[in-house]
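Please look over the structure below with the notes that come after it. They are written for someone who is new to reading protein models.

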Amino acid sequence: FFKQKTAYEISTRDWSSDVCSSDLVYPNPTSKELTVLLPGATSASLRLTDLNGKTLLEQHSQSASSTMDLSSFATGVYVLHIQLGATHLTQRIIKH
């Protein structure tokens, strides 16, 4: 009578749309070093800004993880911008 149809879902989403940026950055809060995981990324741009948007630290990574030294920064709240190709993630960072 009726033929059963099979539906295939095609995803056009980038891997990072399924990942919360807080899962990629640790420890947060931090007092010294911050580790950023970049699973599957061939290159990424990391930029730390203050709450006014002023760039304080910028680095490029070609590996699956990157470490940022925040020991010289004052206690406070910062914003980490992670650029993975066309995907831009942000994460609030607390330095204590």
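The numbered points below take up the sheets, the core, and a few individual residues in turn.

1. Before anything else, please keep in mind that this is a predicted model, and that the values quoted in these points are computed from it.

2. One of the sheets is open and has four strands, arranged in the order E4-E3-E6-E7 with antiparallel pairing. Strand E4, which covers residues 55-61, and strand E7 stand at the edges with a single partner strand each, so one side of each has no neighbour in the sheet. From one strand to the next, the twist averages 20°.

3. Within that sheet, the pairing of E3 with E4 can be followed in more detail, since the two strands run antiparallel and are joined over six bridges. Leu-48 stands opposite Leu-57 in E4, and Leu-48 also appears among the residues with the most contacts inside the largest nonpolar core.

4. Another open sheet is made of three strands in the order E1-E2-E5, and here too the pairing is antiparallel. Its edge strands are E1 and E5, the latter covering residues 65-69, and each of them pairs on one side only. E2 and E5 are joined by five bridges, and the bridge partner of Val-36 in E5 is Ser-66.

5. Which residues have the most contacts inside the largest nonpolar core? That core has 18 residues, and those with the most contacts inside it are Val-25, Val-36, Leu-48, Met-68, Leu-80, Ile-82 and Ile-93. At least two residues of this core come from each of the strands E2 (33-37), E3 (44-49), E6 (76-84) and E7 (87-95), and E6 gives the most, with four residues. As general background, nonpolar side chains in soluble globular proteins tend to be buried together.

6. Val-25 is a useful residue to select in the viewer if you wish to trace contacts between parts of the chain that are separated in sequence. With its neighbours within four places in sequence left aside, Val-25 is in contact with Leu-34, Thr-35, Val-36, Leu-80, Ile-82, Gln-91 and Ile-93.

7. The loop between strand E1 (25-26) and E2 contains Pro-27, and Pro-29 is found in the loop between E1 and E2 as well. A cis peptide bond joins Tyr-26 and Pro-27, with omega at about -15°, and another cis peptide bond, with omega at about 15°, joins Asn-28 and Pro-29.

8. Is Ile-94, which is found in strand E7, buried or partly exposed? Its relative accessibility is 31%, and Ile-94 therefore counts as partly exposed, given that the partly exposed class lies between the limits of 20% and 50%. Not counting residues up to four places away in sequence, Ile-94 touches Asn-28, Pro-29, Thr-30 and Gly-76. The C-alpha atoms of Ile-94 and Thr-75 are separated by 7.7 Å, although these residues are 19 residues apart along the chain.

9. How many aromatic pairs does a search of the whole structure find? The search finds one, formed by Phe-73 and Tyr-78 in an edge-to-face arrangement, with 5.8 Å from centre to centre and 65° between the planes. Phe-73 has a relative accessible area of 17% and is therefore buried, and Tyr-78, with a relative accessible area of 8%, is buried as well, because buried means a value under 20%.

Definitions and conventions. Residues are numbered from 1 along each chain as its sequence is written. This is a predicted model: local features need pLDDT of at least 70, side-chain atom pairs count only at pLDDT 80 or more; totals for chains, interfaces and linings use all residues. Side-chain values use heavy atoms; hydrogens and water are left out. A nonpolar core is a set of buried Ala, Val, Leu, Ile, Met, Phe, Trp, Tyr and Cys residues joined through side-chain atoms within 4.5 Å. Buried means under 20% relative accessible area, exposed over 50%, partly exposed in between (1.4 Å probe, protein chains only). Contact means heavy atoms within 4.5 Å. Two strands pair if DSSP finds at least two bridges between them. Axes are lines fitted to C-alpha atoms, for helices over the stretch in contact, and angles run from 0 to 180 degrees between N-to-C directions. Rings of Phe, Tyr and Trp (its six-membered ring) pair if their centres lie within 6.5 Å; planes under 30 degrees apart count as stacked, over 60 as edge-to-face and the rest as tilted.
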